[in-house]
Amino acid sequence: MLKISNTEEVIFSPELVTKFNEIVSRYPEDKQKSALLPILHLVQAEYGWISTPAMDKVAEYLDLKPIEVYEVATFYTMFFLKPQGKYVLEVCRTGPCCLVGAEKIMKYIEQKLNVKEGEVTPDGLFSWRGVECLAACGTGPVLQIGPEYTYYENLTEAKVDELIDGLRLKTAENAQMI
Ligand code: FES
């Protein structure tokens, strides 16, 4: 994942632009705005979040006004407008999950990671946040981790330990292989 700040200019890689072009080619010639959502997803996958200069570049690429991109990026909660951890744990905080312990799970994650909601752990690996219903209400508490949006259901503190420790281990092993 490429690191960017909210002030530096963003230059999309040729590979990324090729992907943008492929998406735009799916729509009629003057309807390139339809490609905005999938393109924002690609930008987030590339950088982990969407900075203002990145939105400006998307606007330039799609020949839109920057405000048209800001409106969309700020409307959908799946887009991160500030840097996040490599893994973002999104815990359902809607009623049915709260009835079976979602709030306790969020508190536990906060204590285990030692960061508040929306903050990033010092190693850059994790951030977490509460989100609305993830449509797995019968198997709560539940969380998802993007960009693949893998679900973890029937959460307990032990399962959270297993998940977070497993991701730490996986990251350490991958780093050794490089
Ligand atoms: S209420 Fe948690 S998944 Fe629906």
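Student: How are helix 1 and helix 2 oriented to each other, roughly parallel or roughly antiparallel?
Tutor: In this predicted model, helix 1 (residues 14-24) and helix 2 (residues 36-47) pack at an angle of about 160°, and their axes lie 10 Å apart. Angles over 145 degrees count as roughly antiparallel, and helix 1 and helix 2 are therefore roughly antiparallel to each other.

Student: And which hand does the crossing of helix 1 and helix 2 have, left or right?
Tutor: The crossing in which helix 1 passes helix 2 is right-handed.

Student: Which residues make the contact?
Tutor: From helix 1 the contact uses Leu 16, Lys 19, Phe 20, Ile 23 and Val 24, while helix 2 brings Pro 38, Ile 39, Leu 42, Val 43 and Glu 46. Sorted by class, the contact of helix 1 with helix 2 has 8 nonpolar residues, 2 charged ones and no polar ones.

Student: What about helix 3 and helix 4, at what angle do their axes cross?
Tutor: The axes of helix 3 (residues 52-62) and helix 4 (residues 66-75) cross at roughly 120° and come within 8 Å. Helix 3 and helix 4 are therefore oblique to each other, and helix 3 passes helix 4 in a right-handed crossing.

Student: Which side chains should I look for there, I mean which residues of helix 3 meet helix 4?
Tutor: In helix 3, look at Thr 52, Met 55, Asp 56, Val 58 and Ala 59, which meet Pro 66, Val 69, Tyr 70 and Ala 73 of helix 4. The residues of this contact between helix 3 and helix 4 comprise 7 nonpolar, 1 polar and 1 charged.

Student: Changing topic, what is the strand order in the sheet?
Tutor: The open sheet is formed by 4 strands in the order 2-1-3-4, with mixed pairing. Strand 2 (126-131) and strand 4 (150-152) are the edge strands, each pairing on one side only, and from one strand to the next the twist averages 25°.

Student: How many bridges join strand 1 to strand 2?
Tutor: Strand 1 (residues 87-92) and strand 2 run parallel and are joined by 6 bridges; for Cys 92, the bridge partner in strand 2 is Val 131.

Student: Which helix packs on the sheet?
Tutor: Helix 7 (residues 157-177) packs on it, touching strand 1, strand 2, strand 3 (143-145) and strand 4, and the direction of helix 7 makes about 165° with that of strand 1.

Student: Last one, how is the chain divided into domains?
Tutor: Domain 1 covers 14-75 and domain 2 covers 87-177, and the centres of the two domains, taken over C-alpha atoms, are separated by 28 Å.

Definitions and conventions
Residues numbered from 1 in each chain as written. Predicted model: local features only at pLDDT ≥ 70, side-chain atom pairs only at ≥ 80, totals over all residues. Heavy atoms only, no water. Axes fitted to C-alpha atoms, helices over the stretch in contact; angles between N-to-C directions. Helix = DSSP H or I, 4+ residues; strand = E, 2+ residues; numbered from the N terminus. Parallel < 35°, antiparallel > 145°, perpendicular 65-115°, else oblique. Left-handed = near helix turned anticlockwise from the far one by under 90°. Contact = heavy atoms within 4.5 Å. Nonpolar A, V, L, I, M, F, W, Y, C, P; charged D, E, K, R; others polar. Pairing = 2+ DSSP bridges. Domains from an automatic or database assignment.
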